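Dear colleague,

I am handing over the structure shown below, which you have not worked with before. After it I set out what was found, beginning with strand pairing and then turning to the place where two chains touch.

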Amino acid sequence: MKYDIRYKPAFATLFLTLKPGERIFAEAGAMASMAGKIGMKTEFFGGFIPGLLKSFFGGESMFVNHFSNSTSQPLDLVLTQSSIGDITTIELTGNELCLQPGAYIAHTPGVKVELQWAGFSSWFAGEGLFKLKLSGRGMAFFGTYGGVSEVMVKDQFVVDNGHLVAYEPGIKMNVQLSGGLMGSVTSGEGFVNRLEGSGKIYLQSRSVDGLVRFLRPKFR
Amino acid sequence: MKLDVLHQPDSAIAKITMAPQEELIAEAGAMVAMSSDMNVSTTLRKGKGGGVFGGMKRMLAGESLFLSVFRSGNSDAEIYLAPKLLGDILPYQMKGTELVVQSTGYMASTPGVEIDLGFTGFKSLFSGESLFWLSASGSGLVLLSAFGSIYEVDIDGDYVVDTGHIVAFERTLDYSIAKANKSWAGAFFGGEGLVCQFRGTGKVFCQTHNPGAFGQLVGSKLPPRG
């Protein structure tokens with residue numbers, strides 16, 4: 001599949017060219033524009049019940065749009081995300097990646113998308129009860145609010161809540177107060193995520209919760 | 001008149017240098033800075049889209065009821081204009097053709113350009129976006145603003161754009177508003193809401209990001225307005 005991510009890093013947008021017979025799945029609402037001959041079908045995300053769960057707990061839409069090219073010439077498709085920021089491509093070759101709620105944009109047909117239990121501590125910290133797990137073979141695209149930083153974690157690493165977007169399954173999350181109750185309240189860091197294990201993680205340079213915290217007092 | 005668009009694409013601002021006794025019309029609130037001898041008047045624009053009624057129509061379209069008219073004095077003057085959201089500015093040269101502009105995408109124009117409410121749309125049941133389009137005609141310069149970057153598509157045949165991503169398009173194109181999906185259920189749940197289907201030849205200018213979708217992302221976490 002031919003693709004090009006333009007306007008990085010602030011307004012990253014995915015420009016795809018679907019060759020005849022090629023298909024891609026994308027988050028509901030991700031399509032900005034496309035050739036008139038591209039077929040578009042709305043499907044439940046991984047079946048009805050998982051779709052329902054995803055929608056309620058995963059922060060994702062329960063629907064996914066299926067774009068296909070059944071003509072004999074290449075067709076253009078433009079996908080984007082709701083927030084401004086960067087888009088990252090992942091090539092899956094049997095490896096796996098977990099996505100935090102809201103990050104998912106699109107995947108190619110060989111990729112399997114599953115809903116996984118993230119635990120109450122994750123939910124308590126506002127990160128959702130579930131996460132998306134990508135496996136199989138193919139390409140996946142996810143978005144971040146702001147720029148994206150890749151970090152190789154060995155043993156332990158601490159990440160502020162709301163900045164972790166994706167991580168390899170070898171990483172275990174432990175959400176906790178950043179440093180005692182008083183310290184957490186006064187430092188403004190609130191919850192932090194104490195990661196354990198080894199693998200790659202992806203951080204976004206801004207968090208939507210941070211923007212909300214900035215705007216909230218101005219709403220009168 | 002000389003135009004420089006600075007800080008593209010994320011924080012675009014238009015710097016316009018005007019010769020003596022030149023005029024520029026801009027959306028109220030777009031002015032960031034200007035020479036001190038610039039004459040400013042607020043107008044309910046004259047002509048087809050003008051008067052109180054025209055102003056009301058513009059207000060319905062999500063535009064300000066008022067337009068500001070900037071007129072340089074007896075020497076050269078400078079003015080800086082910027083939109084409210086992060087994003088790019090697109091200068092478009094009108095040559096007697098017609099350009100349809102998404103209502104929030106209009107920022108400024110030169111006096112030879114007629115701005116009218118061409119298409120009084122309806123609030124979309126699905127996407128919640130207001131579909132109000134202004135029509136620009138005549139000749140001169142129009143400055144458009146976008147949320148995100150602007151990409152241009154040269155249409156020859158069929159092309160589909162989500163209504164939240166349209167900045168402007170040339171009226172040489174035929175267009176119709178339609179559901180993105182064939183089935184009503186798909187249109188409702190698919191999240192794409194309404195799309196604009198273009199046919200023919202001409203240019204469409206799209207914004208990479210949908211202000212409504214970003215508003216929803218942030219707004220859903222804000223307390224309801226008391």
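Within chain B, Ala26(B) has Ala108(B) as its bridge partner in S10(B). Please keep in mind throughout that this is a predicted model.

That bridge belongs to a pairing between S3(B) and strand S10 (residues 106-109) of chain B, which run in the antiparallel sense and are joined over two bridges. Ala26(B) also has a bridge partner in S6(B), namely Ser68(B). Here strand S3 (residues 23-27) of chain B pairs with strand S6 (residues 67-71) of chain B, again in the antiparallel sense, over five bridges.

Turning to the two chains together, the contact draws 29 residues from chain A and 33 residues from chain B. On the side of chain B that touches chain A, at least two residues each come from strand S13 (150-162), helix H2 (184-189), strand S16 (194-207) and helix H3 (211-219) of chain B. Of the contributions to this side, that of S13(B) is the most, at seven residues. Sorted by character, the residues of chain B on this side comprise 15 nonpolar, twelve polar and six charged.

Strand pairing also crosses from one chain to the other, since strand S4 (residues 31-35) of chain A and S13(B) run antiparallel and are joined by three bridges. If you would like one place at which to look for this, Ser33(A) stands opposite Val161(B), which lies in S13(B).

With best wishes

Terms used
Residues numbered from 1 in each chain as written. Chains lettered and ligands numbered in written order. Predicted model: local features only at pLDDT ≥ 70, side-chain atom pairs only at ≥ 80, totals over all residues. Contact = placed C-beta atoms within 7 Å. Helix = DSSP H or I, 4+ residues; strand = E, 2+ residues; numbered from the N terminus. Nonpolar A, V, L, I, M, F, W, Y, C, P; charged D, E, K, R; others polar. Pairing = 2+ DSSP bridges.
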